[in-house]
Amino acid sequence: MEILKDYLAETQGQELNAEMLTFTANIDAVAKKNPQVAKKIVKELDDQRSNLKLIASENFCSLAVQSAMGNLLTDKYAEGYPGNRFYAGCDNVDDLENMAIEEAKKLFGCEHAFVQPHSGADANLVAFWAILRKKIQAPIMEKLKQTNLLALSKEEWDYIRMQMGNQKMLGMDLFSGGHLTHGYRYNASAQMFDSYFYNVSKETGRLDYDELRKRLHEIRPLIFLIGFSAYTRNVDFAVMRQLADEVGAVLMVDMAHFAGLVAGGAMTDNANPIPFADIVTTTTHKTLRGPRGGMVLCTMEYAEYVDKACPHIMGGPLPHIMAAKAIAFEEARSPEFKTYAENIVENARNLGIALVEGGLDILTGGTDNHMVIINVESLGLTGRQAENALRECGMTLNRNTVPFDKNGPWYTSGLRLGTPAMTTLGMGKAEMVEIADIMATVLKNTRPTKTKKGDISKANYKLDENIKEASIKRVRAILDRFPLYPEIDTDFFKKYF
């Protein structure tokens, strides 16, 4: 209790900081069991305050959301769904899950929500199997005049398994900006489906709807999957709905990256997938600024199949995370969140413009959403070299493939930047312009080094030390103006660790 006692002593006679008191009590509890774990928690906060978070898939959730994740709800098993549990004593979990469901439905204007998935990858698996059970298994069961899988003969069951495991899915190629869970061969989705892909145009870096129509009619998949982790332009979901209907495909959208922009009204009309898709998956962090987790939104046609993810795929959900989701969804319905979502896009556009003006090569010339992709090939660098050089200067981001990347998925030729976290801190156009200038300066003063054999290394590089020192000072000056969680004083903890 030493940390908590000292905090109370230091704040005697002052108005207590509730957030600081909660954080102090939590660190105190952890430190009593394992001081090294407590040290790393405090150090992570300190690190995030010392580096610009430019990773497109990361954000900072509210302290209320953080608090909801650390409590005794984690001890409760709640397999099933509200009102239909495999364990007794789930009354409070039922109420919390229903809160999250209702908040999600209000937020996105959807017919049904399933808030249990632990991640976006889990949400995609739930959606995939819901579609397979609805479109493939259910009609066969009806033809066999059966409702109980256990009543099927071995031959009948084998036939269903064969049919469900031989369906086609068409998604965006990973190297055009798609996601691992959309049929990439090193992911389980490629073993579940006969997977096919569509690409962006080599000339424009954008989707070509005419080419996509040709591909769709050629493949005629069960699932037409739209979604991306590294594509910077809006998608016309009205067109995608029309294309799906032409071949009788289920239109599934993975909006994990841009869900917060939909929730906040920064993506409206045809850029909003909810009115057009049969089933939509998402994470609940990233632009949505909630806890790390996933969710499935769908029409009522798929609701019963989605809800029965347990026992089909999932075991026990995480009640404490569902409680945090309920809080995050409520926060996202506020006027402040709408302004925040609009600012994310505005910041990304200004960042892209400033990077172009700084002489860097930006995919598609700019962005419509929260991310910007830089191609560093013209600088003679790999994405890995560029990522590490920028990290040395206090900027945290990730290397990323660009379309038709010659360097592959490990070294890559690109960098992916995102503005959600910086926007959460309150940064605007002036900061985007300065960040772009720092990045351009660092990248232009980074050189690849040679191996012992004399070949250029794809990993090693040399960064000008004077540039590095000046860049770190500039980054720290920005962060000093926009502190992360100012309610928490990490200096207070340093004397203990």
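## Reading a predicted fold, feature by feature

Author: Let's begin with two helices of this predicted model. Helix α2 (residues 18-33) packs against helix α3 (residues 35-50) at an angle of about 145°, and their axes are 6 Å apart.

Reader: Which residues make the contact between α2 and α3?

Author: From α2 come Phe23, Ile27, Val30, Ala31 and Lys33, while α3 brings Pro35, Val37, Ala38, Ile41, Val42 and Leu45.

Reader: How do the residues of that contact divide into nonpolar, polar and charged?

Author: There are 10 nonpolar residues, no polar ones and 1 charged.

Reader: On to the sheets. What is the order of the strands in the sheet of 7?

Author: That open sheet runs β4-β10-β9-β8-β7-β5-β6, with mixed pairing. At its edges stand β4 (112-114) and β6 (194-198); each has a single partner strand, so one side of each is left without a neighbour in the sheet. Neighbouring strands are turned by 20° against each other on average, direction ignored.

Reader: Could we follow one strand through its partners? Which way does β5 run relative to β6, parallel or antiparallel?

Author: Strand β5 (residues 168-172) and β6 run parallel, joined by 5 bridges. To trace the register, look for Lys168 opposite Asp194, and for Leu170 with Tyr196 as its bridge partner in β6. With strand β7 (residues 223-227), β5 also pairs in the parallel sense, over 2 bridges. Here Met169 stands opposite Ile223.

Reader: And how many residues of β5 are buried?

Author: The count is 4 of the 5, so β5 is largely enclosed by the rest of the structure.

Reader: What is the order of the strands in the sheet of 4?

Author: This open sheet has the order β11-β12-β15-β14, and its pairing is antiparallel. The edge strands are β11 and β14 (398-400); each has a single partner strand, so one side of each is left without a neighbour in the sheet. Between β12 and strand β15 (residues 414-418) there are 5 bridges, and the two run antiparallel. One pair to look for is Ile374 with its bridge partner Leu415 in β15.

Reader: Which helix packs on that sheet?

Author: Helix α15 (residues 335-357) does, touching β11, β12 and β15. The direction of α15 makes about 20° with that of β12.

Reader: Now a loop. Where is Thr367 found?

Author: Thr367 is in the loop between β11 (361-362) and β12 (371-375). Thr367 counts as buried because its relative accessibility is 5%, and the cut-off for buried is under 20%.

Reader: Which backbone oxygens does the side chain of Thr367 reach?

Author: There are two to look at. The backbone oxygen of Thr232 is reached at 3.2 Å, and that of Met371 lies 2.7 Å from a polar atom of the Thr367 side chain. Leaving aside residues up to four places away in sequence, Thr367 touches Thr232, Arg233, Ala348, Arg349 and Val372.

Reader: What should I expect of the backbone in general?

Author: Most residues other than glycine have a negative phi, and most peptide bonds are trans. Some places in this model deserve a look with that in mind. Lys145 is not a glycine, yet has a positive phi of about 60°. Lys145 sits in the loop between α6 (120-143) and α7 (154-164), and is exposed, with a relative accessible area of 76%. Phe404 also has a positive phi of about 60° without being a glycine. Phe404 lies in the loop between β14 and α17 (408-411) and is partly exposed, at 41% relative accessible area.

Reader: Is the peptide bond from Cys310 to Pro311 cis or trans?

Author: That bond is cis, with omega near 15°. Pro311 belongs to helix α13 (residues 309-312).

Reader: Finally, the cysteines. How many disulfides are there?

Author: The count is 0, where a disulfide needs two cysteine sulfur atoms within 2.5 Å. For Cys110, the closest cysteine sulfur is in Cys298, 7.8 Å away and therefore too far for a bond.

Reader: Is Cys110 buried or exposed?

Author: Cys110 counts as buried, at 12% relative accessibility. Cys393 is buried too, with a relative accessible area of 0%.

Methods: Residues numbered from 1 in each chain as written. Predicted model: local features only at pLDDT ≥ 70, side-chain atom pairs only at ≥ 80, totals over all residues. Heavy atoms only, no water. Pairing = 2+ DSSP bridges. Axes fitted to C-alpha atoms, helices over the stretch in contact; angles between N-to-C directions. Buried < 20%, exposed > 50% of the residue type's maximum accessible area, 1.4 Å probe, protein only. Polar contact = N/O pair within 3.5 Å; in protein donor to acceptor, adjacent residues only side chain to side chain. Contact = heavy atoms within 4.5 Å. Nonpolar A, V, L, I, M, F, W, Y, C, P; charged D, E, K, R; others polar.
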